[in-house]
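Student: I should like a close look at one part of this protein, set in the context of the rest of the chain. Please take the open sheet as the part in question.

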Amino acid sequence: MRGTKKDYYEILGVPRNATKEQIDAAFAKLAMKWHPDRVPPEKKEEAERKFKEISEAYSVLSDPEKRKLYDMGVDPESGMPGGGTAYDFSGMGIEEILEQIFGRNFGGFGGFGFEDIFGDVFGGRRREKAREEDLDVHVDVELSLEEIVKGTTREIRYTRRVLCPTCKGEGIVNPRTCSVCGGRGRVRQHQRTFFGVFVMERTCPNCKGTGVSGETCSTCGGKGYVEEEVEREFAIPAGVLGGQKVVYRNMGHVGRYGTGRLVIHVREKPHPKYERRDRDVIYTVEIGPARAALGGEIEITDLRGEKIRVKVPRGVQHGEIFARVEGRGIPDPKGGKGGDLLIRARIKVPTRLSREEEELYRKLLKLEGLP
Ligand SMILES: [Zn+2]
Ligand SMILES: [Zn+2]
């Protein structure tokens, strides 16, 4: 009756009295097999054709109305006004497609979740890639404020992975086509689920998806990499603060698809005399009562070790920041305006007096009168 029309039941491989669930499961199975993203490049064209065919069959058979018309011999395309395809899967990833078919219910049956069933299929490559990308080596260095101000170098020792010189990262020597997957890199696995038996494709455990197997490389024990000790001096530019990092490209692990970075995390040693406030540094200077009352000039040493003379105003108070020396704080490694040096007074009252001081303080006290 359908003449040259395609047999949708045959395309999906389901009986004519198939339930909706059987149709869903059959389509899911075929979609996983023929999704254009899931085939090798030379099969892409064939897959695109097949995928279109099964999508069309599914869009008709999964829709009760269309299926009825189809069973009566009406061409669902011409027989249904405005009847495009119920599902347009073109350009969708397989995961999206399956989610659309099975929806949220999919995870709810029989105690297995979407991830359990499809985890290996979908997650495998992603996880592999993430592992490949995780090639950075992280180290901590602790710097004093003097080092931060001037910049410094540090001898850093660390271990990194480099591609095995024998197998060039393959983990095997004398490679040949994998006998388990026949070189496809993927193997099929049957999985019984609520929707029937799924044929799953997963990464071949023998060749780990590469399609080749061989003898395990004895240099690296099959890991594909060997460890290398790096001992080198690294410069840390002036102005990198605690909590910031300095990154050296291509000094991290060497993977098959790239080389990671060495990330130096800077920590900051507390300083006994200087305190950092963003890029400004505060130096606390001890000032005696007479100097505090009369003011004058003092000499201090900044974090670069240079001597600076600063004016103390008359009547400076304890804890007061009384001077700011521009540009003597922490420089900005990006070339912006650096911080300043701030000077704070700590009034130091003598605890032991000479006879002369004692006399003078008594005179002062008389002048102050009773509080
Ligand atoms: Zn090796
Ligand atoms: Zn294999």
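Tutor: The account below begins with the model as a whole, turns to the sheet, and then moves outward to its surroundings.

The structure is a predicted model, and the mean pLDDT of the protein chain is 82, with 82% of its residues at 70 or more. Two stretches call for caution. Over residues 78–86 the pLDDT stays under 50, and the model has 12 contacts beyond four places in sequence for them. The pLDDT is also below 50 over residues 104–132, a stretch with 20 contacts in the model beyond near neighbours in sequence. The secondary structure of the chain comes to 10 helices and 15 strands, and 22% of its 371 residues count as buried. Of the contacts between residues at least 6 apart in sequence, 63% join residues at least 24 apart.

The sheet in question is open and is formed by 4 strands, in the order E10-E11-E15-E14, with mixed pairing. At its edges stand strand E10 (274–277) and strand E14 (321–325), each of which pairs on one side only. From one strand to the next, the twist averages 30 degrees.

On the E14 side, the partner is strand E15 (residues 341–347), and the two pair in the antiparallel sense over 4 bridges. Within this pairing, Ala323 has Ile343 in E15 as its bridge partner. At the other edge, the loop between E10 and strand E11 (280–287) contains Asp278. This residue, which is not a glycine, has a positive phi near 55 degrees. Is Asp278 buried or exposed? Asp278 has 9 C-beta neighbours inside 10 Å and therefore counts as exposed.

A comparable backbone feature occurs elsewhere, in strand E3 (residues 172–177), where Asn174 is found. Asn174 has a positive phi of about 50 degrees although it is not a glycine. Because Asn174 has 10 C-beta neighbours inside 10 Å, it too counts as exposed.

Between E11 and E14 in numbering come two further strands. Strand E12 (residues 296–301) and strand E13 (residues 307–312) pair in the antiparallel sense over 6 bridges, and Ile300 stands opposite Ile308 in E13. The hairpin of E12 and E13 has 5 residues between the strands, and Gly305 there takes a positive phi near 90 degrees.

The nonpolar cores complete the setting. The largest has 21 residues, and those with the most contacts inside it are Leu12, Phe27, Ile54 and Ala57. Helix H1 (8–12), helix H2 (20–34) and helix H3 (44–61) are the elements that give it two or more residues; H2 gives the most, with 9 residues. Ile54, leaving aside neighbours within four places in sequence, is in contact with Ile11, Leu12, Phe27, Leu30, Ala31 and Trp34. Apart from this core lies another, of 16 residues, among them Ile148, Leu262, Tyr283 and Leu342.

Finally, helix H10 (residues 355–368) has 14 residues and reaches 20 Å from its first C-alpha to its last, close to the 20 Å expected at 1.5 Å a residue. The number of buried residues in H10 is 0, so this helix lies largely in the open. Gly369 follows H10 and has a positive phi, near 75 degrees.

Methods: Residues numbered from 1 in each chain as written. Chains lettered and ligands numbered in written order. Predicted model: local features only at pLDDT ≥ 70, side-chain atom pairs only at ≥ 80, totals over all residues. pLDDT = per-residue confidence, 0-100. Contact = placed C-beta atoms within 7 Å. Pairing = 2+ DSSP bridges. Axes fitted to C-alpha atoms, helices over the stretch in contact; angles between N-to-C directions. Expected span 1.5 Å × (residues − 1). Buried ≥ 20, exposed ≤ 12 C-beta atoms within 10 Å, placed from the backbone. Core = buried A, V, L, I, M, F, W, Y, C linked by C-beta atoms within 7 Å.
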